[in-house]
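Student: Could you take me slowly through the sheet in this model, and show me how its strands are joined to one another?

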Amino acid sequence: AGYDEAHSVSDSVDSLVTVMGSPFYLPAGAVSMTVDAGYSWTRLQSTDTRNPGLETRLTRGDLSTGINLGVPIASRRDDVWSWLGDFNLNFSAGVDHLSDFGTLTNWTAGAVWGVTEKLSLQGSYIVRDAAPSLAQLGNPEVVTLNVPIYDLTNGETVLVTTTTGGNPALERQKQRDLRLAVMWDLPFLDRSNVMIEYFRNHSSDVASSFPLLTPAIESAFPDRVMRDTSGRLIALDQRPITLAEQKSSRLKFGLNLSGRFGKASENQGSS
């Protein structure tokens, strides 16, 4: 009988100052530098009739700064180690201080090698910290009765009491990404190229929503599952969890075509 209502309001403010320039020159060209600093603020307000008299207010301030450097090593145009082609290194680093979580860091090292005027190779390695979202950390605990869930262990659908909300015990995530790419400009068509890209990610302490309840998940998180004496599922805690690690990789192929095919007709545009 009756129904429940949930309301949420999100407010955000962002500001960023960026300075770009060339602080000095090398034989192969100018070193480019970009420095930025900013502040962002987010507030979440929510109420739910399942938590009478409780209004949730979550606030996060993010003070950030970062630097990016592009360093030319070899250049055909300036005849500096021209036998190597065009070779550039790039480095970046940044710091974020979150008011509700702490300090996060990130850095990147990469290179771009123009082997020929048509063929280029790119590579980068990225290391960064990531924080769980405001909602994952601080959403209020909500208990909902009679939620239908399919229990894979017993092969039946049962009405379960579920617990949702945030988990303040979530940890800092560390991400490590590797990207390698090859790009070849097609010699027979202007502004067209073929690209092959390999991307690999390895992340540890990953904040995640609670996955589908399988026997393997239940054995990994036994304190999240409650059964009666007959083994029937009666309660499930679905608040976010921390996964020890997560890995992924992908291989991407791209063909970009741009230009004219054939010759324009001499009568084109006449009526």
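Tutor: Let us begin with the whole sheet, which is open and has nine strands in the order 1-2-3-4-5-6-9-10-13, with antiparallel pairing. Its edge strands, each pairing on one side only, are strand 1 (6-26) and strand 13 (241-256). From one strand to the next the twist averages 10°, where the axes are lines fitted to C-alpha atoms and the angles run from 0 to 180 degrees between N-to-C directions. Strands here are DSSP runs of E with at least two residues, numbered from the N terminus, and two of them pair if DSSP finds at least two bridges between them.

This is a predicted model, in which local features need pLDDT of at least 70 and side-chain atom pairs count only at pLDDT 80 or more, while totals for chains, interfaces and linings use all residues. Residues are numbered from 1 along each chain as its sequence is written, and side-chain values use heavy atoms, with hydrogens and water left out.

Now look closely at strand 6 (residues 119-130), which pairs with strand 5 (residues 102-114) in the antiparallel sense over nine bridges. Four residues form the link in the hairpin that joins strand 5 to strand 6, and, as one bridge to find on screen, W107 has V127 of strand 6 as its partner. Strand 6 is also joined to strand 9 (residues 173-185) by twelve bridges, again running antiparallel, and there R128 has Q175 of strand 9 as its bridge partner.

Elsewhere in the sheet, strand 2 (residues 29-48) and strand 3 (residues 55-74) run antiparallel and are joined by 16 bridges, with L58 of strand 3 as the bridge partner of L44.
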